[in-house]
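Got a structure in front of you and some labels that need unpacking? Let's go through a few of them, one at a time.

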Amino acid sequence: GSLIEQLTTEKYECMVCCEVVRIVAPVWSCQNCYHVFHLNCIKKWARSPASQAEDGSSGWRCPACQNASVPVPKTYTCFCGKVHNPEWNRNEIPHSCGELCGKKRQCLDCPHLCNILCHPGPCPSCPAFVTKTCECGQTSHAVRCGQSTKIHCSNVCGNTLNCGKHSCTQVCHAGKCSPCQLTVQQVCYCGSNFKEVLCGSKEEFFDGSGSFSCQKICGKKLNCGRHNCKQVCHPEPCQLCPRLPQVVYRCPCGQTPLSKLLELGCVERKICTDPIPSCGKTCGKPLSCGSYEFIHTCESLCHEGDCRPCSHTTNIYCRCGFKKKVSVALLFCLFIAAITFMCDKRCNKKRSCGRHKCNEVCCVDTEHKCSLVCGRKLNCGLHRCEEPCHRGSCQTCWQTSFDELTCYCGESVIYPPVPCGTQPPECKKACTRPHDCDHPVYHSCHSEEKCPPCTYLTQKWCMGKHEVKLYSVHHTEKLCTDDFVKSRFRLLNVGNCSPCVVCCPISHLVLNHISFWKFVLSQMKSTTLFFRIAAISIATKLTDLQLGDSVEISRLITKKEMKQARLQCDEECLALQRNRRLAEALEIDDNSDPFNIRSSGPKYSDLLKEDARKDIKFVSDIEKEMRMLVEAVNKGKHTKKSHCYPPMNRDHRRIIHELAQVYGIESVSYDNEPKRNVVITAVKGKSICPSNTLTSVLDKEMQSRPAPHLPHYKQTDKSSGNSGLSKPLKEEPVIDYFDVQD
């Protein structure tokens, strides 16, 4: 009725083109779901690849019910299929022929055809009444034709069951009757055991002597009436007595016929209980012991009954064949053969995983499969492999989350399913985490718990209140203001003063720091974010200053600033300037050595000598390596050669640095504790081997040292005219330059 109303009022839409189905347009109706489509639309759909069935051979699928059809519709017919190209009549249903439908109804047991006019949709149920019997067939009832419900009466079924002996006791029911549930008692063939089985089952069998075998010794009396049957419970009659005279033809060992023994005077047997004559030869029957290579036989004389136990000796191997037991008395050979002998050798072969050893005692396995759990971490880093131990890489983590994975601020989202171990998505929004300072945030949202250092610059005074426009890098770990700068200068052994010219005019390193910072701050005053980031990257060059390097700042500061930042001359500087002027007046070359000062040998500090006395072997090895390095670079074609020492403590590194200065070798420390080491580099023409090594100097001092109980006075030169004690030499100050390098 709904289809007829929508088609008549032109409100029905085609599912393919989503347009209204006109009353004069050719249509096609599915015989499974009864949806109506335009004929041209269904033709195009049937030929498209999207309409093909999954197996590719079942035709095309209906757009509504997905029912597969093989033929493609080509003609326009009415709903009942009798008339082609039906004409529209105002008094009839659109697209119908106006005649009786006549199609077979869907009910399988209805013989009547549809008796209404041609119509869309399924045919209505049959209105006729028919007589049907109940399931057991004892009663009849008048019901609607095509009614699917089955009729049941209240009578007992009474049909014969499968056993053919009993009747069904159930109330009228559908289908076959259940098997008979009564039990029948059966007896075995020998008559000693009983069991109960269902009546009518396959196990219910009787051949006159019994129904089944109990698998025990029969035990029935044989035909002789003196012996019992020794066979397993059997259906056939028992065999003849094996000791009857008419059955036995040979002696017990079977080597000699009884006819020959009778000729020799043996008594003829009359009944089964008479003894069987013995031939007197060795029995020779094979025993149950022994092996495939050597069969043991009975050594007793011809006898009746079972043979005696074996008296031989043999070798019994363990199950893996590694060890054997020798000289085992085979008096109990029958019992030992049944015992499994295992050695104590453990298998050293690798298991199938390639990681673990078999380690089984007396192993006979050939595959050596590993029974342990793998337990290695999967690619997610959270779960472990639960598969049996295996070779190669583990499979990817199979666990999946069905929750959305977002960044910290929630702007970027990865929708489920999310494989285990997936990192949060990248987000370009500004970081919204709480920070320790109130400065603007320049870094984007991140998944790490700790934010990167703050890059905002602040204006601070120096410690002496001399300079105002000094900026310092701001760290999030409570390193605001100039704490970061003070920590850098503390590493340079400058002190706690902030880096300004007035407070710290002590070394060119400080000036490099100040000028470098001014350059960084001048770059950071730019309004663009690019110059801010560039200035921050340049600030990382401070680590080079810690290693003793300097930064070229001549192009970064003005001449006025360079003049203000110049250090004042001290006594040593004045002495060097005076000597230079004197050398120019006397026309003395700088490379000459008129007073034999340079050739007098190297000068080793007292601190270096004191450290060397504590570990003379270490100093000797270091000097030997340096001499070899200098000789190699001076003789070779390369201008530089380097050597890397293993990681060592701070005192040993200081010794190497001081000795490197004496030899003219460059020395630099790398890495962090406890892996910090020293690399030395010899340069051709610059590195030299001193005439007196530190080890030889210490040996000479030990030889010239006076006895402890005598006062020591320095000898004087008589020719010089000076008498008395000489004045003590002025000790040079020891400057530790290696805090900067190390």
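Q: How much space lies in the largest cavity?
A: About 30 Å³. Keep in mind that this is a predicted model. A search of the whole structure turns up one cavity of 30 Å³ or more.

Q: Which residues line the largest cavity, and what makes the lining a mix of classes?
A: The lining is Ser29, Gln31, Tyr34, Phe79, Lys103, His119, Pro120 and Gly121. By class, that gives three nonpolar, four polar and one charged. Tyr, Phe and Pro count as nonpolar, Lys counts as charged, and Gly goes with the polar ones.

Q: Why is α12 called oblique to α13?
A: The axes of α12 (residues 616–635) and α13 (residues 650–663) cross at roughly 40 degrees, coming within 11 Å. Roughly parallel needs an angle under 35 degrees, and roughly perpendicular starts at 65, so α12 ends up oblique to α13. As for handedness, α12 passes α13 in a right-handed crossing.

Q: How do you know that α12 and α13 meet, and which residues do it?
A: Contact means heavy atoms within 4.5 Å. On the α12 side you'll find Phe618, Val619, Ile622, Glu623, Met626 and Arg627, and they meet His652, Ile655, Ile656, Leu659, Ala660 and Tyr663 in α13. Sorted by class, this contact has nine nonpolar, one polar and two charged residues.

Q: What makes α11 and α13 oblique to each other?
A: Helix α11 (residues 606–614) packs on α13 at an angle of about 130 degrees, with the axes 11 Å apart. Roughly perpendicular stops at 115 and roughly antiparallel means over 145, so this pair is oblique. The crossing of α11 and α13 is left-handed. Leu607, Leu608 and Asp611 of α11 make the contact with Arg654, Ile655, Glu658 and Leu659 of α13. The class count here is four nonpolar, no polar and three charged.

Q: Why is the peptide bond from Pro416 to Pro417 worth pointing out, and what is its omega near?
A: Most peptide bonds are trans. The bond from Pro416 to Pro417 is cis, with omega near 0 degrees. Pro417 sits in the loop between β13 (413–414) and β14 (418–419).

Q: Which residues does the cis bond with omega of about 0 degrees before Pro674 join?
A: Glu673 and Pro674. You'll find Pro674 in the loop between β18 (666–670) and β19 (677–683).

Q: What makes the phi of His368 stand out?
A: Most residues other than glycine have a negative phi. His368 has a positive one, near 55 degrees. Its place is in the loop between α4 (333–336) and β11 (400–401).

How values were computed:
Residues numbered from 1 in each chain as written. Predicted model: local features only at pLDDT ≥ 70, side-chain atom pairs only at ≥ 80, totals over all residues. Heavy atoms only, no water. 1 Å grid on protein atoms, 1.4 Å probe; cavity = no way out; pocket = protein on both sides within 12 Å on 5 of 7 lines; lining within 4 Å. Points joined across faces, edges and corners; volume = space filled by probe spheres on them. Axes fitted to C-alpha atoms, helices over the stretch in contact; angles between N-to-C directions. Helix = DSSP H or I, 4+ residues; strand = E, 2+ residues; numbered from the N terminus. Left-handed = near helix turned anticlockwise from the far one by under 90°.
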